[in-house]
Amino acid sequence: MSHVIEMLNIRKEFPGIVANDDITLQVEQGEIHAILGENGAGKSTLMSILFGLYHADKGKILVRGKEVHIHSPNDANDLGIGMVHQHFQLVHNFTVTENIILGKEGKFFLDRKGASKKIKALSEKYGLNIDPDMIIEDITVGMQQRVEILKMLYRDAEILIFDEPTAVLTPQEIEDLMQIMRNLVAEGKSVILITHKLNEIKAVADRCTIIRRGQLIGVVDVKSTSASKMASMMVGRPVNFKVDKKPAQVGRVILDLHDLKVLNNKKLVGVKDISLSVKAGEIVGIAGVDGNGQTELIEAITGLRPIEGGTITLDGNDITNADIRKRNEIGIGHIPEDRQKRGLVMSAPLGSNMVIKEYYRPPFSKNGILKQPVIDKHAQDICDAFDVRSGEGILSLAGKLSGGNQQKAIVGREMALEPDLIIAVQPTRGLDVGAIEYIHKRLVEHRDKGKAVLLVSFELDEIFNLSDRIAVMNSGELIDVVETKKTNEEEVGLMMAGVKTKEAAR
Amino acid sequence: MRVKSNAFLIAVSAVILGLIAGGILMLAIGSNPFEGFFYLFRGGLMNMERVGNTIATAITLMLVGLSVAFAFKTGLFNIGAAGQMLVGGLCATLVAHYVFLPRPFYLLVIILCAFAGGALWGVIPGLLKARFNVHEVVATIMMNWIAYWSVYYFVPAYLKGPSLETESKSIAIEQTLRSPWLTKIFGGGYINLGIFFAIAAVFIIKYVLDKTTLGFELKAVGSNRFCAEYAGIRVNRNVIISMMIAGGLAGLAGMTFYTGYSRNIQIGVMPSMGFDGIAVALLGASNPIGVLLSALFFGMLQSGKGFMNAMTDVPPEIADTIIATIIYFTATSVLFSRFWDSLGKRKKKRLDAKREASAKEAGNA
C-alpha cells in the first residue's frame, strides 16, 4: 500500500473561521478517492492547499512519501498534480491543441503538428474522444472539460483533482466522465474527486474521505458503505432522500400556456408552440437536458423575455403582455435559475433583498418613503422561518452568505409573497443534502396549501421526487406530459432525447 | 455602520499617502516639503477670506461630486458634468441678466432654471442609454462638446460684454448668489449662498438614497440590474431618472460657479471642475457625506495652491499631482481595506493570546 499523496494534520484558518481543522487525507496509488462534504465544509480549501493556492497554517504534505512544500500551482504541476477546475480555463477562439500547449509551447517555433499528434494519442489512450483541431467555442461543455483533462495529461500529471466536475454536465456526459475516470486509474493515474453528490461517489470512487465543518469525520470504503450512511456522516444527522407527500388535491387551472412561441438569444425559435397548464395543488416538473428551451419558456412566463406568439393566462387573467411587476402582483413567485445574477443584489444587505419585490407598496413604504422598521421585521421573519443563517443577520450583505443560505433566502422571499404559482428553476443546484431536503419540503408544502408549482430541473431524481406530472422538453418542443406514477426514468429519459412514446398515459 | 467607517479609513489613508507622495515630489525638485505644505494649507485657511474662498471652491466641487456619485449609485458613469455645468451656468446667467424679482423668488427661479438646464443635458444621454443602449460615457462626452460650442454661440449673441468678445458681461452684484452678510463675515472673497444650496443638496440626496423607494430602485438597478429587472423594477426608467437628477445637480454646480464664484461665463473654456467632481465622488466613496468632506478638502488644495506658488518655488501643479495621487490611492483602496483588516486581526490575535496567557496563569495559580 503506497500513498501517492498524504496531507497530514492540515489546519487552515481564515478570518473568523477554521476552514480545515486537523484534516488528514491519504490517497493511494491508482485509486479514485472521493472527498465528500457539504458546501463550505472545507473541501475546496483542502484542495487549494494541495494545489498551492493557499498555504496551510499547520501540517505537512507528502508526495510519494517525500515531504514537499507547494507554494504555487506551478510547484504542484512539477510534482505531477493537475486540477480540473469547476470553471474551465480555456481560450475560446483557440483550437484544442493551442489551448493545451498554452504555457508549454516549447522553444521559439511552435510544433503544432507534433503536439497535435501527442494529444491525439493521449485522447485515444484514455478514451477522451477529442479532435485536437476543433475550436473551443464549437465544442460542448462536456468536451471542454475533457480538454481540461487532456491539458493535465499533456503535462504528465499523475494525480488529477476534479473539483465538482459534474455540475455543468448532462446525464450522458456524466456517464462518459465516470468512464474516463475509470480509464485514468486503469492506466495507473490517481484521481481525487471533490463532490457532494453521493450517487457519483457510489458509481466510481474506491474510498471516500468525509469532512464536515472543517473536520475529518471518517474515511470509508465506498463499496461496503451505504449512501445513506455516508450522507448522514456528511450532514451529521440521518437524511431522508424520499420526499414525503400526500396525493395531490388538484384544483382549478392556475397557469395556462397556449401555443407559446419564444425566440432564444440567437433569434432562433427556442420554444415551439408549447401549450401546458398547471393546476392548483400540483407540482408540474419540466424535464429535459439543459439548453432545450426551458430557460426561454420560464423567461417568457415571468415576463423577462418577449414572446413571438401565443397567450399566457394566470388564474384567468391574460398576462401575455403584462409587465413583470404586474405578473408578480397577480401571483407569480419565481426562484430563478441563476441566484447570483437574478435572485439577489449581492452588494445589498439581506434586509433590502427580502423586500425587493414589495418595497414600493404598503406596509413597506408610504408615499415613496420606506418604512425601515417594517422592512426589517419582515426580513427577520423570513430569515427565522426559513432558517437563513448569516453573520450579521439581516444586515449581512447577500454576497457574504453561503450558497445554501442565499437560496433559502430567495425561497423564503418568494414563499412569503404567497403567490398562486411558484416557478422554481433548478432550486437545489449546488446545494448540499440538508438544504435540498429542506427546500423540497417547502415546495411540497406550498403545493399542499392549494397553490401551483412549476419546477424546472436537469436532475431526473429531483423531477421524479417532487412532480405530480412531468412535462418533457426537447429542442424547444414539449414532447409529452405524463403522470409521474405512470412512468419511469427510462421512459422520460427517452423523451428527453426526443423520442415520443404513444403509450404514455396523459 | 462598519462599512462606512471602513470607507472613511480608506479615504484618510489615501489622503495621507497622497500628501506623502506630494512631499517626496517636492523634495525631488529641491523644495522643502514642510514649507510647501505649510503655505499650501495656509493659502487655503490663513484668514476668513481664504477660508471663504476655500468654501466657495468646495461648493461647486460638492455639487459636481454629488452629481457623479448619484449616477454611480445607479451604475452610471457621468463624465458629462462639465457640459451640464456649462448649460446650467448658462441658464443661470441668462436669468441673472434678464429676470428681476424679489430675492427669495429670484433665487427659486435661478435654481430651477439651472437645475432644468443641467437635467436636460443629463437626461439626453439617459434616454439614449435606455432606448438605444448607447454607452453613457460616450454620450455625455459628446454632450460636453455640444454644450461647449453652444456657449460659444450664445455668449456673443445674447450676453455680449462691453469690451471683451470672449466672455459674457458681468452680472450685477445684487443678481449673483453672493450675499452682503456672508461677504461681510468672510471679509470679501467669493463665498456665496451656494454653500447652503450645496449642503441642502447633500442631505436631500442622502435622504433620497437611504429612505425613499426611488433611492431603493436606483441602488438596486445600479448594483444588479438583472435582479432589479427580475423584481419588476423598470430599469430603463431609473436610468433616465438617475441621469436627469445627476445632470440637474451638475447644473446647480454650474450656477454656483458662474453666478456665484465668478460673475461671467467665458467662451472656449471647459470647466475643469466638471472632471474634478469624479475625484470628489471617488474619495467620498459615492456617499453624500463623504462627498461633502472630500469637496472641502479638495477645495482647500485648489484655493491654497496659488499661495504656495507665490510664497515658495513649488509650482501649483504639485497640488494637482497630490490630488491625482490621492485618486490613485483611492482607486487601489482594496489594498487599504486589506491592510486595516489584517491590522484588526493581528490586534485580535494579540488580545486572544493575552487572554489565553492570563487564563493559563489563573489556572496555575
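**Exercise 1. Domains of chain A**

Task: Find how far apart the centres of domain 1 and domain 2 of chain A lie, and describe the contact.

Solution. In this predicted model, the centres of domain 1 of chain A and domain 2 of chain A, taken over C-alpha atoms, are separated by 33 Å. The contact takes 9 residues from domain 1 of chain A and 10 residues from domain 2 of chain A. On the side of domain 1 of chain A that touches domain 2 of chain A, the residues divide into 4 nonpolar, 4 polar and 1 charged. As for the bounds, the domain assignment places domain 1 at 3-235 and domain 2 at 253-496 of chain A.

**Exercise 2. The sheet E16-E19-E20-E13-E21-E22 of chain A**

Task: Establish which strands stand at the edges of this open sheet and which helices lie across its strands.

Solution.

Step 1. Write down the order. The sheet is open and has 6 strands, in the order E16-E19-E20-E13-E21-E22 (chain A), with mixed pairing.

Step 2. Look for strands with a single partner. Strand E16 (332-335) and strand E22 (477-483) of chain A each have a single partner strand, so one side of each is left without a neighbour in the sheet. These are the strands at the edges.

Step 3. Take the angle between neighbours. On average, neighbouring strands of this sheet are turned by 15° against each other, direction ignored.

Step 4. Follow one pair. Strand E21 (residues 469-474) of chain A pairs with E22(A) in the antiparallel sense, over 6 bridges. Opposite A:Ile470 stands A:Val482 in E22(A).

Step 5. Add the helices. Helix H9 (residues 294-302) of chain A lies across strand E13 (283-287), E16, strand E19 (421-425), strand E20 (452-456) and E21 of chain A. H9 of chain A runs at about 150° to E19(A). Helix H15 (residues 433-448) of chain A lies across E13, E19 and E20 of chain A, and runs at about 145° to E20(A).

**Exercise 3. Strand E1 of chain A and A:Asn9**

Task: Identify the strands to which bridges join E1(A), then describe the backbone and the exposure of A:Asn9.

Solution.

Step 1. E1(A) is joined to strand E2 (residues 17-28) of chain A by 8 bridges, and the two run antiparallel. A:Ile5 has A:Val27 in E2(A) as its bridge partner.

Step 2. E1(A) is also joined to strand E4 (residues 58-63) of chain A, by 5 bridges and again antiparallel. Here A:Arg11 stands opposite A:Lys58 in E4(A).

Step 3. A:Asn9 is found in strand E1 (residues 3-14) of chain A. Phi of A:Asn9 is near 50°, a positive value in a residue other than glycine. Most residues other than glycine have a negative phi.

Step 4. A residue with 20 or more other C-beta atoms within 10 Å is buried, one with 12 or fewer is exposed, and one in between is partly exposed. A:Asn9 has 14 C-beta neighbours inside 10 Å, so A:Asn9 counts as partly exposed.

**Exercise 4. Two loop residues**

Task: Locate A:Pro363 and B:Asn133 and state what marks the backbone at each.

Solution.

Step 1. A:Pro363 is in the loop between helix H12 (350-354) and strand E17 (365-366) of chain A. The peptide bond joining A:Pro362 and A:Pro363 is cis, with omega about 5°. Most peptide bonds are trans.

Step 2. B:Asn133 lies in the loop between helix H5 (103-132) and helix H6 (136-158) of chain B. Phi of B:Asn133 is near 55°, a positive value in a residue other than glycine.

Step 3. Within 10 Å of B:Asn133 there are 8 other C-beta atoms, so B:Asn133 is exposed.

**Exercise 5. Chain B and its contact with chain A**

Task: Judge the compactness of chain B from its radius of gyration, and describe the side of chain B that touches chain A.

Solution.

Step 1. Chain B has 15 helices and 0 strands. Its radius of gyration is 23 Å, close to the 21 Å that the globule rule gives for 365 residues, so chain B is as compact as a globular protein of that length.

Step 2. The C-alpha trace of chain B spans about 90 × 60 × 35 Å along its principal axes. Of the 365 residues in chain B, 50% are buried. Among contacts in chain B with a separation of 6 or more, 78% are between residues 24 or more positions apart.

Step 3. In the contact between the chains, 16 residues of chain B meet 24 residues of chain A. Helix H9 (213-223) and helix H10 (225-230) of chain B each supply at least two residues of the chain B side. H9(B) gives the most, with 6 residues. By class, the side of chain B that touches chain A has 7 nonpolar, 5 polar and 4 charged residues.

Technical notes
Residues numbered from 1 in each chain as written. Chains lettered and ligands numbered in written order. Predicted model: local features only at pLDDT ≥ 70, side-chain atom pairs only at ≥ 80, totals over all residues. Domains from an automatic or database assignment. Contact = placed C-beta atoms within 7 Å. Nonpolar A, V, L, I, M, F, W, Y, C, P; charged D, E, K, R; others polar. Helix = DSSP H or I, 4+ residues; strand = E, 2+ residues; numbered from the N terminus. Rg over C-alpha atoms; globule rule 2.2 N^0.38 Å. Pairing = 2+ DSSP bridges. Axes fitted to C-alpha atoms, helices over the stretch in contact; angles between N-to-C directions.
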